[in-house]
Amino acid sequence: MSETIDITVVVPVFNSVETLRPVYERSAATLSKLGKSFEILFVEDGGPIESWNELKAIKKDFSETVSLIRLGRNYGQNSATVCGITNARGSIVITMDDDLQTPPEEMEKLLRKYEETDSSAVFGITPQQSNPIVKRIGSFMIKKIFDWVDGADIGSSFRLISPELKEKLNKQAHDQLFLNQVIHWYTDEIVSVEVKHESRSEGSSGYSFFGLAGIALRLLFFYTDFPLRMMSYTGLLIAFVCFGLGIFYVYEKLVIGAAAGFASLITAIFFTTGIIMVCLSILGSYISRIYADRIKRPVYSIKTKL
């Protein structure tokens, strides 16, 4: 088999057994029908041994088109997906879950949209989902947070990544990684296409409502500087209020007259509080710069060189 192939399908695996062989067989049938050379790369994310044993059995039966990676422990879906992207041999990478909720046959829609638009990334979006309402609410909350704070669409885990974007993502690795947000850092040439969404055939989702809420908070703190900006704005607002109140009490003392010591005490408190809040707002700005440097957000992204 040639070292360079058309497509790598990256499938992060955790606590699944029965769906793994259908994921391979249906993916292979779809890509073969399209005349693409391919590999299906399963990344086992520190789950039970049964998942790994099933993957080894699939590898034995389809050795030329199946690749396996097993992680030392459970790092999470995004980290497992990035691991797969980094080790993919295909020029184009398609990522998908192991639960068959998005049918592998829908990969054809991603590829068709990519060929039509030549975009850097194509997301498979499912407007009508069959997930429980609690999970749908949690997912909706995550999407709205980033639409409001960062102006970015969260996308989905069913995605196509172009060769150029793949090379850039290979250089991006840090803790608390959220792949879809990193994709938006590198390009705005992102399109979406509607795909089918079916009920799970095995097990239940690993994301509860509180789990999704926790993800939303981590994304808010690790992928935006919104809390720092709010701290800076709040600090400046409180500082102005405190300075205004200080001036009012000085005026009250000099013009109206107030109890001895009261004006000086309240003025000192408000002016001191105002100074502290100004200092905190400045500190927030510097922490924001440190935050931006820590996560290595790209300053620009080159699409073409001539």
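How many bridges join strand 5 to strand 7, and do the two run parallel or antiparallel? Strand 5 and strand 7 (residues 190-194) are joined by 5 bridges and run parallel. The model is predicted. The protein has 10 helices and 7 strands, and 43% of its 306 residues are buried.

**Overall figures**

- The accessible surface of the protein is about 16,400 Å², and carbon and sulfur atoms account for 59% of that surface.
- Of the contacts with a separation of 6 or more, 82% are between residues 24 or more positions apart.

**Strand 5 and its partners**

- Strand 5 covers residues 121-125 and is mostly covered, with 4 of its 5 residues buried.
- Strand 6 (residues 159-161) is joined to strand 5 by 3 bridges, and these two strands run antiparallel.
- On the strand 6 side, R159 stands opposite F123.
- On the strand 7 side, G124 has V193 as its bridge partner.
- In a regular strand, side chains alternate between the two faces of the sheet.

**The aromatic pair**

- A search of the whole structure finds 1 aromatic pair.
- The pair is formed by Y24 and F62, whose ring centres are 4.4 Å apart; the planes are at 35°, so the pair counts as tilted.
- Y24 belongs to helix 1 (residues 20-33), while F62 is in the loop between helix 2 (49-61) and strand 3 (66-70).
- The pair therefore ties together parts that are 38 residues apart in sequence.
- Y24 has a relative accessible area of 5% and is buried, whereas F62, at 27% relative accessibility, is partly exposed.
- The cut-off for buried is under 20% relative accessible area, so Y24 at 5% falls within it and F62 at 27% does not.

**A charge over a ring**

- R73 has its charged end over the ring of Y75, at 4.1 Å from the ring centre.

**E39 in strand 2**

- E39 is located in strand 2, which spans residues 38-44.
- E39 is buried, because its relative accessibility is 1% and the cut-off is under 20%.
- The side chain of E39 reaches the backbone nitrogen of R89 at a distance of 2.9 Å.
- Apart from neighbours within four places in sequence, E39 is in contact with I5, I7, T8 and V9, with T65 and S67, and with N87, A88, R89 and G90.
- R89 thus appears both among these contacts and as the residue whose backbone nitrogen the E39 side chain reaches.

Conventions. Residues numbered from 1 in each chain as written. Predicted model: local features only at pLDDT ≥ 70, side-chain atom pairs only at ≥ 80, totals over all residues. Heavy atoms only, no water. Phe/Tyr/Trp six-rings, centres within 6.5 Å; stacked < 30°, edge-to-face > 60°. Buried < 20%, exposed > 50% of the residue type's maximum accessible area, 1.4 Å probe, protein only. Lys NZ or Arg CZ within 6 Å of the ring centre and 35° of its normal. Contact = heavy atoms within 4.5 Å. Areas by Shrake-Rupley, 256 points an atom, 1.4 Å probe, with all protein chains shown as cover. Pairing = 2+ DSSP bridges. Polar contact = N/O pair within 3.5 Å; in protein donor to acceptor, adjacent residues only side chain to side chain.
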